[in-house]
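This report covers the fold, the packing and the internal spaces of one protein chain. Please keep the sequence and the structure in view while reading.

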Amino acid sequence: MNVPAWGWFLTIGLMAVFLLVDVLVISRRPHVPSMAEAGRYLAFYVTAAVLFGLFVWFEWGGQYAGEFYAGWLTEYSLSVDNLFVFLLIMASFKVPQKLQQSALMVGIVIAIVLRGIFIALGAVVINAYSWVFYLFGAFLVYTAVKLATEGESDDDEYHENRLLLWIEKRFPATKEWNGTRLTVIEGGKRLITPMLIVIIALGTTDLLFALDSIPAIYGLTHEPFLVLTANIFALMGLRQLYFLIGGLLKKLVYLSIGLAVLLAFIGVKLVMHALHENNLPFVNGGQPIEGVPDIPISVSLGAIVVILGITTIASLLKSRRDARLERTVVGSSQGGHESP
């Protein structure tokens, strides 16, 4: 896949414009978006991602388009898992509802920049050391097993990371919210606001999630251009997704299992790819193992769609069944306390 320099600049420039417009609109009018507004924005970003995939298909062929769609869907599904932590952060810092959009937007911009650095580093490492796919694959399988056995954390509180604790200790802060301002002057001293702390919490938390998502997407495509654009498209719609499905997250009861299966599949795919192109001297004498199949992107894309589809449908069915059972139990309990 040969992307000219102007193609990189044009693509990143257009995405930067969309994000800038988003930031300016939100900063000018902080508010709680309606379901209709969030739905329109989300539909716009999803449509843009689909059209971009079609452009990749037209310009570079179906193989790369399939890699983009597979990477985008994977990053989006992993981002949904991030939303639960984002909800905990908002609740922990008691962020006013009308300011949550602004915090999310800036946090997402920080996440895009940090992921861009991770993606660039990943590309350099992969080009220099092809055996890194063994490490990526093993890490994803380990993460999948851990996610499947431990599931989501039952802790409904957000625990600040070391960076946040250091910032709060090093820099004096005010406990008062001052709109979208990051610093204020009180008593002749400049203080940081809770908004700055929340933004850093969101950005650094997403960076931790990138430790899983970046190796995962490199298991689907080796093209840095597709890795970057898939990540950006997934993150651009994350804010709207936060307001649309915040209340539905608890209904996705099998999300951790679905993501575990997805990560395990990609991890195995990475290991198989590494064996297929092996150059480690202590594995098969440093020669590729031709008998190991290299899973095509069409199979990967189909597997991702099936895994996510089954996870969503099974989760919603179980949530509906549990809600119906709870209503039945409550009704029986109330009926049992009625006077004869």
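The text below goes from the whole chain to its core, its spaces and three single residues.

**Overall build**

The model is predicted. The chain's secondary structure consists of 11 helices and two strands. Read from the N terminus, the order of elements is α-α-α-α-α-α-β-β-α-α-α-α-α. The chain has 340 residues, of which 44% count as buried. Its exposed surface comes to about 17,800 Å², with 67% of that supplied by carbon and sulfur atoms. Of the contacts between residues at least 6 apart in sequence, 78% join residues at least 24 apart.

**Nonpolar core**

The largest nonpolar core has 90 residues. Phe68, Trp72, Phe86, Ile89 and Leu202 are the residues with the most contacts inside this core. What does Phe86 touch, leaving aside residues up to four places away in sequence? The partners of Phe86 are Leu104, Leu202, Thr205, Asp206, Leu238 and Tyr242. Leu202 therefore appears twice here, as a contact of Phe86 and among the core residues with the most contacts.

**Pocket and cavities**

The second largest pocket has a volume of about 380 Å³. Its lining is made of 18 residues, and those closest to the pocket centre are Leu10, Thr11, Leu14, Phe52 and Phe55. Helices α1 (5-28), α2 (35-60) and α8 (224-236) each supply at least two lining residues to the second largest pocket. The most comes from α1, with seven residues.

The structure also holds four cavities of 30 Å³ or more. The largest cavity contains about 50 Å³ of space. Its lining consists of Ser130, Trp131, Phe133, Tyr134, His273, Ala274, Glu277, Asn278 and Asn279. The elements that give two or more residues to this lining are α5 (132-150) and α10 (255-276).

The table sets out the two spaces by volume and by the kinds of residue in their linings.

| Space | Volume | Nonpolar | Polar | Charged |
|---|---|---|---|---|
| Second largest pocket | about 380 Å³ | 15 residues | two residues | one residue |
| Largest cavity | about 50 Å³ | four residues | four residues | one residue |

**Three single residues**

Val145 lies in helix α5, an element that also helps line the largest cavity. Is Val145 buried, exposed or partly exposed? Val145 counts as partly exposed because its relative accessibility is 48%, which falls between the limits of 20% and 50%. Val145 and Ala264 are 119 residues apart in sequence, yet their C-alpha atoms are 7.7 Å apart in space.

Ser300 is found in helix α11, which covers residues 297-336. Ser300 counts as buried because its relative accessibility is 0%, and the limit for buried is under 20%. Not counting residues up to four places away in sequence, Ser300 touches Leu220, Phe265, Lys269 and Ile295.

Lys94 is in the loop between α3 (62-92) and α4 (97-128). Which sign does the phi of Lys94 have? The phi of Lys94 is positive, at about 50 degrees, although Lys94 is not a glycine. Lys94 counts as exposed because its relative accessibility is 66%, and exposed means over 50%.

Notes:
Residues are numbered from 1 along each chain as its sequence is written. This is a predicted model: local features need pLDDT of at least 70, side-chain atom pairs count only at pLDDT 80 or more; totals for chains, interfaces and linings use all residues. Side-chain values use heavy atoms; hydrogens and water are left out. On a 1 Å grid over the protein atoms alone, a cavity is a set of points where a 1.4 Å probe fits but cannot get out, and a pocket is an open set with protein on both sides within 12 Å along at least five of seven lines; lining residues have an atom within 4 Å of a point. Grid points are joined across faces, edges and corners, and a volume is the space filled by probe spheres set on the points. Helices (H or I, at least four residues) and strands (E, at least two) are DSSP runs, numbered from the N terminus. Ala, Val, Leu, Ile, Met, Phe, Trp, Tyr, Cys and Pro count as nonpolar, Asp, Glu, Lys and Arg as charged, and the others, Gly among them, as polar. A nonpolar core is a set of buried Ala, Val, Leu, Ile, Met, Phe, Trp, Tyr and Cys residues joined through side-chain atoms within 4.5 Å. Buried means under 20% relative accessible area, exposed over 50%, partly exposed in between (1.4 Å probe, protein chains only). Contact means heavy atoms within 4.5 Å. Accessible areas come from the Shrake-Rupley method with a 1.4 Å probe; for residues, only the protein chains shown count as cover.
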